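Okay, everyone, thanks for coming. I'll put the structure up and then talk through a few spots in it.

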Amino acid sequence: MRFDPEILKLLKLGLSADKRNLIIRSAADRGEASEYSFGIEEEYFLADESTLEVANQTPNELFEAASWSTGGQAMREMLQAQLEVATNIHLDFHDALQELTFLRREVDKVAAQYGLTIMACGTHPTAIWRQSKPSPKARYETMIEDLKTIGHRNMLCGMHVHVQLPKAEKRFAVMQAMIPYVPIFIALSTSSPFWNSKDTGLKGYRLAAYDELPRTGLPEAFEAQSQYEEYVDILKRSGVIPDESYIWWAMRSSSRHPTLELRAPDVCTWVEDAIAIASLYRALARHLYERPVLLQPLSVVDRAIAVENKWRAQRYGTECIFVTRNGPVNVRTLLASLIEQIGEDASILGCADEVNSCNRILERGSSADQQLRAYREASDHVPTAMQWIASATVPNRIRRKPPPWHQAIV
C-alpha cells in the first residue's frame, strides 16, 4: 500500500524507515518554535501480567515485534526487564502526547502477547536486582562487565527530554545555567518510593541507586565547552570510555544530536505528567538560550547548593523545601516563580497550558505520592501500589488472553 505524502503531511503522520508503518509526527516548520524542537524517551519495566512481578528474562521476539509495530521506536535497555520508547521530533506538545500515548499502548499490546505488561515507575516496587539479567546486546554486555554489581543494580527507569539548541558552545552554557533548576524536575517526576519491597522513605529512590554509577549526578562546573571536551578526550585516550555517550550526568549535551538532554527525571506514571515536565524544561531552555546575560559560569557554592537540593528533591518530592541564598523556599513557591519567569517563552512555544499543568502535579501529588497513598490505605500492602502503577501507565487497557506458551518464556 502506498501513502500520499501530502495527505500524511496534513494528518501530521509519517512513515517508518521501512515505509510500512504509519507514525505520528509534528506539523512542519512553525517559525521560532521550530528552533526548539523536542523529543521524549521513556523507559518501562516489563512485568508479569498476572502478578505484576518484574520479568527478569524477556525474549528478543518481543522487542522485534514492538520495534516493528512502532516503526522502530521501541528497543531494549541495559537490563532485560526494561523496554525503552523514543518519540519522533516534535514542535507541538499535543502531538507529543498523542504519540507517547500511542507508544505506551502499542508496546503494552505487544507485551500482552507474551503474558507481560508495562509499568512506568522509576523503581519497580518488588524487583530484586540480584536476579537482573543484562540485555543480549554487545554495548550492554560490555557495560555490565565493567560495572559489575552496580550495573545489575541499575533496575531503574527514567525519562529523557531532548530540546534542540543548535550552537554547541551556547548549548553548554545553557546546561551550566540550568543546573540549579534540575531539582525541580526531579521533585515533580518522583515515581520511585520503593526498593526491594520496602518503603525507602524517599519519594525518588531511583537516583540514589543510579548515582552509584560513574559519571552521574549533576554536571561538573566546567567554565567552558573546551574544558568539557578536554575532559571527555582525556577519558577516551585513557580507555575509560569509548565516546561521550558514557557521560551519564543528570543533564548533558547530546553526542548524536544538537540537543540538550535532561536525564534526571523518573519516568512518569501518568503520561500527562511527562508532557508537563517536558514543556517546563523546553520553555526554560529557550528562556536561557535567548538571554545570554543569564549564561554566567556557575559558582562552586551554587553548584553545591544544587547538589543539596537534588538530594532534597529525591527525599521529599512534591513536599520539598529547597535551599536558597535567601533562606528556605518550598517547591510551590519556586515553581510559581519559575513559571512566571518563563511565561513569555512558553507562550511563544505554544505550551503555556502544559507548563501551568505542572501546578496540578503539586496539587494532587506525584506518582510516588499516589503509590504511597495506595500502599498505606491497603495497610502497607506493596502489591496494591503495583496495581495502581499498572493501571495508570496505560489506562483502560484492553487485554487478550495470553497464548498458552507464554509461561515457558517468562
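So, Ala276. Leaving out residues up to four places away in sequence, Ala276 touches Glu354, Ser357, Cys358 and Ile361. Keep in mind that this is a predicted model. Ala276 sits in helix α10, which covers residues 271–289. Is Ala276 buried or exposed? Buried: its relative accessibility is 1%. For a sense of the fold here, take Asn359, which is 83 residues away from Ala276 along the chain. The C-alpha atoms of those two are 9.3 Å apart.

Cys358 came up just now, so let's do the cysteines. How many disulfides does the structure hold? Zero. Take Cys157: the closest cysteine sulfur belongs to Cys121, and at 6.7 Å that's too far for a bond, because a disulfide needs the two sulfurs within 2.5 Å. Cys268 isn't in a disulfide either; for that one the nearest cysteine sulfur is in Cys358, 9.4 Å off. And where do these two side chains sit? Cys157 is buried, at 0% relative accessible area, and Cys268 counts as buried too, at 3%.

Right, on to helix packing. In general, you describe two packed helices by the angle between their axes and the distance between the axes.

First pair on my list: α7, residues 182–189, and α12, residues 331–341. Their axes are 11 Å apart and the angle is about 120 degrees, while 65 to 115 would be roughly perpendicular, so α7 and α12 count as oblique to each other. The crossing is left-handed. Who's in the contact? From α7 you have Ile184, Ala187 and Leu188, and they meet Val331, Leu334, Leu335 and Leu338 from α12. By class, that contact of α7 with α12 is seven nonpolar residues, with no polar and no charged ones.

The other pair is α2, residues 60–69, with α3, residues 93–112. Here the angle is about 145 degrees and the axes lie 9 Å apart. This time the crossing of α2 and α3 is right-handed. On the α2 side the contact uses Leu62, Ala65, Ala66 and Ser69; on the α3 side, Phe102, Glu106, Val107, Val110 and Ala111. Sort the residues of the α2 and α3 contact by class and you get seven nonpolar, one polar and one charged.

That's my tour. Happy to rotate the view if anyone wants another look.

Notes
Residues are numbered from 1 along each chain as its sequence is written. This is a predicted model: local features need pLDDT of at least 70, side-chain atom pairs count only at pLDDT 80 or more; totals for chains, interfaces and linings use all residues. Side-chain values use heavy atoms; hydrogens and water are left out. Buried means under 20% relative accessible area, exposed over 50%, partly exposed in between (1.4 Å probe, protein chains only). Axes are lines fitted to C-alpha atoms, for helices over the stretch in contact, and angles run from 0 to 180 degrees between N-to-C directions. Helices (H or I, at least four residues) and strands (E, at least two) are DSSP runs, numbered from the N terminus. Angles under 35 degrees count as roughly parallel, over 145 as roughly antiparallel, 65 to 115 as roughly perpendicular and the rest as oblique. A crossing is left-handed if the near helix is turned anticlockwise from the far one by less than a right angle, and right-handed if clockwise. Contact means heavy atoms within 4.5 Å. Ala, Val, Leu, Ile, Met, Phe, Trp, Tyr, Cys and Pro count as nonpolar, Asp, Glu, Lys and Arg as charged, and the others, Gly among them, as polar.
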